[in-house]
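Student: I'd like a close look at one part of this model, residue by residue. Please begin with a secondary-structure element, then take me on to what the protein holds and to the backbone spots worth checking by eye.

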Amino acid sequence: MILQRTRPPLLETPFEVFDEGVFTPNDRFYVRWHWASIPSAIDADAFRLKIHGHVEREVSLSLKDIATLPRFEIAAVNQCSGNSRGLFEPRVSGAQWANGSMGNARWTGVRLKDLLDKAGVKAGAVQVRFSGLDEPVVDEAPDFKKSLDLDHARNGEVMVAYAMNGAQLPLLNGFPLRLVVPGWYSTYWVKMLSDIEVLDKPDELYWMKTAYRIPDVPGANIKPGQTGFKTVPINRMVPRSFVTNLRDGGSVKAGSPVALRGIAFGGDCGVKSVEFSGDSGASWFPAELGADEGTYSFRRFTGSLPALAAGSHAVMVRCTNTNGLVQPIEAVWNTNGFMQNGIETLRFQAA
Ligand SMILES: Nc1nc2c(c(=O)[nH]1)N[C@H]1C(S)=C(S)[C@@H](COP(=O)(O)O)O[C@H]1N2
Ligand SMILES: [Mo]
């Protein structure tokens with residue numbers, strides 16, 4: 001892992017891991033926390049998930065209680081809002097991630113809807129707020145809490161996971177429970193989830209009202225210095241694709257076709273197509289898509305470039321999702337370094 005920060009722990013997945021398979025192994029999965037007070041051990045028997053607020057009855061559920069609910073499983077990409085921030089031009093502040101603050105896993109647990117039904121959501125509820133066992137290091141700092149609209153929370157896909165890739169959640173990825181919000185940026189995927197509060201008015205706390213907001217313009221893309229736009233809480237992910245078997249600045253054999261492979265994801269929907277270009281985007285040719293592990297999963301792809309003459313070359317790759325959204329040719333820019341999904345260009349030598 002690439003150590004970005006020690007307290008709180010920020011670990012980035014080395015990019016070559018994405019070439020090894022469609023699911024990211026738990027021990028290579030990136031890690032991100034906002035505050036450094038994180039329990040280093042949890043008593044699984046004593047742990048309780050509390051559901052309260054605008055509900056018929058407050059409930060406090062043990063892990064055993066939760067395991068009696070119908071089991072739900074989904075493959076989904078967990079991507080930090082700031083994935084690729086370290087590559088923004090001009091530079092922006094925040095964790096300087098390259099492309100490795102993302103990962104794909106099969107999440108197992110229960111539907112959030114079923115948990116909310118245990119407490120009985122009262123008429124007039126509008127949002128649901130989530131928080132975990134981690135705490136700020138100083139009293140004045142805001143505890144990490146995120147909220148979803150009630151309809152979203154009850155859509156039957158938003159879930160509370162107790163397992164990741166068939167094993168219990170690693171502590172750093174949220175043991176014993178975490179929220180999984182398929183298709184949405186991971187800021188909402190609250191780890192060590194211990195508290196669910198049903199709200200009868202919109203969440204006005206720091207992590208919704210001030211932090212994690214994006215310019216309300218297509219692709220969250222603005223010009224440096226631009227003003228006069230509204231902001232909204234970050235939300236759905238957008239399509240991305242990466243070649244994983246070549247390195248930027250690497251080399252291939254001249255005079256023979258170049259095999260390409262990589263990963264793509266559609267964001268808040270599936271992958272429709274992946275295409276390559278060897279001529280700076282003048283012409284595009286289709287990649288072959290690998291097995292479909294589910295709408296929100298990474299999808300593998302393969303393709304090849306014709307035999308190349310000795311010298312410098314570049315390959316571009318782009319994904320179009322099933323809503324028809326395609327990656328932009330220009331890199332995305334905003335002051336927070338969020339939502340990068342510009343088309344990746346890999347430069348290499350044929351020799
Ligand atoms: N309790 C808690 N959950 C959290 C956070 C946090 O600071 N505390 N950070 C969020 C953010 S911004 C990200 S990117 C993901 C990272 O998930 P991972 O560490 O499992 O990769 O956790 C989310 N859930
Ligand atoms: Mo994040």
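**A helix, a ligand and some backbone details**

Tutor: Let's begin at helix H2, which runs over residues 112–119 and has Leu112, Asp114, Leu115, Leu116 and Ala119 among its buried residues. Buried here is under 20% relative accessible area and exposed is over 50%, with partly exposed in between (1.4 Å probe, protein chains only). Helices (H or I, at least four residues) and strands (E, at least two) are DSSP runs, numbered from the N terminus. This is a predicted model, where local features need pLDDT of at least 70 and side-chain atom pairs 80 or more, totals use all residues, and side-chain values leave out hydrogens and water. Residues count from 1 along each chain, chains are lettered from A, and ligands are numbered from 1 as written. Just past the end of H2, the backbone at Gly120 has a positive phi of about 75 degrees.

Now step back along the chain to strand E7, residues 102–111, where you will find Gly103. Gly103 is buried, its relative accessible area being 0%. Follow Gly103 across to Ser297: the two are 194 residues apart along the chain, yet their C-alpha atoms are separated by 9.4 Å. Strand E6 is worth a glance too, since it holds Asn78. At a relative accessible area of 2%, Asn78 is buried. From Asn78 to Phe130 the C-alpha distance is 17 Å, with their positions 52 residues apart in sequence.

Next, the ligand. Ligand 1 has 19 residues around it (a heavy atom within 4 Å). Those that come nearest are Tyr30, His34, Asp134, Arg178 and Lys191. For polar contacts, look for pairs of N or O atoms within 3.5 Å. His34 offers a polar side-chain atom 2.8 Å from an oxygen atom of ligand 1. Arg32 takes part through its backbone, with a polar atom there 2.9 Å from an oxygen atom of the ligand. Asp134 turns to a nitrogen atom instead, and a polar atom of its side chain lies 2.7 Å from that nitrogen. Taken alone, ligand 1 would expose 530 Å², and the protein buries 100% of that area (Shrake-Rupley method, 1.4 Å probe).

On to the cis peptide bonds. One joins Glu89 and Pro90, with omega about -10 degrees. Pro90 belongs to the loop between strand E6 (72–79) and E7, the two strands that hold Asn78 and Gly103. Another cis bond runs from Phe175 to Pro176, and its omega is near 5 degrees. You will find Pro176 in the loop between strand E11 (167–168) and strand E12 (178–180). Arg178, one of the residues that come nearest to ligand 1, falls within the residue range of E12.

Finally, compare two loop residues that carry a positive phi without being glycine. Ala220 has phi of about 55 degrees and sits in the loop between strand E14 (213–215) and strand E15 (231–233). Ser280 has phi near 60 degrees, and its loop links strand E19 (271–277) to strand E20 (285–286). Their surroundings contrast nicely: Ala220 counts as buried at 1% relative accessibility, whereas Ser280 counts as exposed at 63%. If you rotate the model, start from Gly120 just after H2, then visit Pro90 in its loop, Pro176 in its own, and end with Ala220 and Ser280.

Notes:
A polar contact is a pair of N or O atoms within 3.5 Å; within protein, one must be able to donate a hydrogen and the other to accept it, and residues adjacent in sequence count only if both atoms are side-chain atoms.
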